[in-house]
There are 2 protein chains.
Amino acid sequence: MSKQISSVWTREPRPARTPGRSREEIVRATLDLLDTEGLDGLSMRKLGARLGSGATTIYWYVENKDELLELAYNEVWGEIVLPDPEEPGWREAVSAFAHSMRAAMLRHPWVGSLIGRLPALGPNALSLADRLRKAFTLAGFKGLDIDYANAALTAYVFGMVIPEIAWEASMGGEELDQESMNETFQKVAKDFPDLLERVVEVNAKISDTDALRETSFAFGLATMLDGLEARLRA
Amino acid sequence: MSKQISSVWTREPRPARTPGRSREEIVRATLDLLDTEGLDGLSMRKLGARLGSGATTIYWYVENKDELLELAYNEVWGEIVLPDPEEPGWREAVSAFAHSMRAAMLRHPWVGSLIGRLPALGPNALSLADRLRKAFTLAGFKGLDIDYANAALTAYVFGMVIPEIAWEASMGGEELDQESMNETFQKVAKDFPDLLERVVEVNAKISDTDALRETSFAFGLATMLDGLEARLRA
DNA sequence: ACCTGAACACCGTTCAAGT
DNA sequence: ACCTGAACACCGTTCAAGT
């Protein structure tokens, strides 16, 4: 028993006699709290209250708050769908996976702050990695390239969605109309006239921010997949 | 004056008479504290102590802690280098940028938790976006494709490095030898024999984790750039 | 085996008061 | 104009004590 990574998943879980409370129940409440009140809204005391127990009861089921977050994190991974790559072809399967991953992250924006802090070692994350590996193997990748392709694709999704989440958060949940958007940029980007002009121009042309983001996501995804296909031919 | 995004950069800064203390000095101290003690190590009280003042003095220069973090975040963007794309060609310039961005993030791992929480509206981020736009314009991208290319590339870098940071953090600064690495995975991935076998195999072959990560980064970067070039030809 | 409340050592932020 | 300390409303976590 040498040094280990600190994670819920490296510890043996409690036998889970499940008398009244259970780890399952706690995770569900945690997810609830995170989804409604965000990462800052989650505290052991609030969680305890929601479970009708003392805050410190939770420490019986979980070593600390980070473990709780790892458990919740794992649930998000469980929501991501990867279709069977045999049937529609690997590119379609992987593309659907990417969109599903983006949707899951946007549904649970608090993951944006977790990805840089907690490792994804839960069964759901590993299962997905396993299936993604199979998709890329089927595509024709060999050896380490399978893992590289894996990493590259998920990295792209992470990297697109994480700043999306930050953007959403900074608007505090309120929709920003086009005018105040431009006002903000005028203030912020006044030393970068080219950039500013560009943003105002785009804003004028495209009113639906969500659609723009989706298009941008699709562009980069197609680009990444094209690149992967090119590597397959080489 | 309609609704604005909440950010340091949308407020007029203090006149900055700079008698004793200054925003500059505070930002430097903040960076110091973040780099040595991490995001959790930064508190207004500790920062005040480091500046030889009361904790609440900082609130004269900054509205709240998030603004402080935005200021620090901006500094990191300032460290990223983007070579003149005219000279070595856009692909080389953009590639150097990506590596420089990764290096800056690894130097300041706390950014990993910020990217999903704070918008990057500081002058350094905008200046970089401006220059990156120019590089992609020079490459031959037109209209919105310039912005899409921009987003895709930076997303890739973000997405690769952020989990790298999480991984590093979860090892608590200690190097993990190969054996305990395998031990960890055996515990965690016991339900995914293929994945497990693969990881152990790779670990046996490649001892230098840093080098593996760099290779993986280079692979995805090349893939993304290939994809972008393909789009240019289309 | 499970749950509790008190207690400890922290937080960010407000604000009246000082110079 | 700038800085202060006290105070408020929180935190995560430990631990002796309860059932």
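Here is a chat about a predicted model of two protein chains and two DNA strands.

Colleague: Before we dig in, what kind of model is this, and how are residues and chains labelled?

Modeller: This is a predicted model, where local features need pLDDT of at least 70, side-chain atom pairs count only at pLDDT 80 or more, and totals for chains, interfaces and linings use all residues. Residues are numbered from 1 along each chain as its sequence is written, chains are lettered from A and ligands numbered from 1 in the order in which they are written, and side-chain values use heavy atoms, with hydrogens and water left out.

Colleague: Thanks! What secondary structure does chain A have?

Modeller: Chain A has nine helices and zero strands. Helices (H or I, at least four residues) and strands (E, at least two) are DSSP runs, numbered from the N terminus. Along the sequence the pattern reads α-α-α-α-α-α-α-α-α.

Colleague: And what box do its C-alpha atoms fill?

Modeller: Roughly 60 × 50 × 35 Å for chain A, taken along the principal axes.

Colleague: On to the DNA. Which residues are closest to strand C?

Modeller: A:Gly54, A:Thr57, A:Tyr61, B:Arg45 and B:Lys65 are the closest of the 19 residues that surround DNA strand C. A residue is near a strand if one of its heavy atoms lies within 4 Å of it. Of the atoms of DNA strand C that come within 4 Å of the protein, 53% belong to sugar and phosphate.

Colleague: Which side chains reach a phosphate oxygen there?

Modeller: Among them are A:Thr57, with a polar side-chain atom at 2.3 Å, and A:Tyr61, with one at 2.6 Å. From chain B, an N or O atom in the side chain of B:Lys65 is 2.7 Å from a phosphate oxygen of DNA strand C. A polar contact here is a pair of N or O atoms within 3.5 Å; within protein, one must be able to donate a hydrogen and the other to accept it, and residues adjacent in sequence count only if both atoms are side-chain atoms.

Colleague: Which helix gives the most to that surface?

Modeller: Helix H2 (residues 44-50) of chain B, with three residues. By class, the surface near DNA strand C has six nonpolar, seven polar and six charged residues. Ala, Val, Leu, Ile, Met, Phe, Trp, Tyr, Cys and Pro count as nonpolar, Asp, Glu, Lys and Arg as charged, and the others, Gly among them, as polar.

Colleague: What about strand D, which residues come nearest?

Modeller: A:Arg45, A:Lys65, B:Gly54, B:Thr57 and B:Tyr61, out of 19 residues around DNA strand D. B:Thr57 has a polar side-chain atom 2.3 Å from a phosphate oxygen of DNA strand D. A:Ser43 has a side-chain N or O atom 3.3 Å from a phosphate oxygen of that strand, while a backbone N or O atom of A:Leu42 lies 3.5 Å from one. Helix H2 (residues 44-50) of chain A provides the largest share of this surface, three residues.

Colleague: Changing topic: how do H1 and H3 of chain B pack?

Modeller: Helix H1 (residues 23-37) and helix H3 (residues 65-78) of chain B have axes 9 Å apart, at an angle of about 80°. Axes are lines fitted to C-alpha atoms, for helices over the stretch in contact, and angles run from 0 to 180 degrees between N-to-C directions. H1(B) and H3(B) are therefore roughly perpendicular (the range for that is 65 to 115 degrees).

Colleague: Which classes of residue make that contact?

Modeller: Eight nonpolar, one polar and two charged residues.

Colleague: Last one: how are the rings of A:Tyr73 and A:Trp77 arranged?

Modeller: The structure holds 16 aromatic pairs over all chains. A:Tyr73 and A:Trp77 form a tilted one, 6.2 Å centre to centre with 55° between the planes. Rings of Phe, Tyr and Trp (its six-membered ring) pair if their centres lie within 6.5 Å; planes under 30 degrees apart count as stacked, over 60 as edge-to-face and the rest as tilted. Both residues lie in helix H3 (residues 65-78) of chain A, four residues apart, about one turn of the helix.

Definitions and conventions:
Angles under 35 degrees count as roughly parallel, over 145 as roughly antiparallel, 65 to 115 as roughly perpendicular and the rest as oblique.
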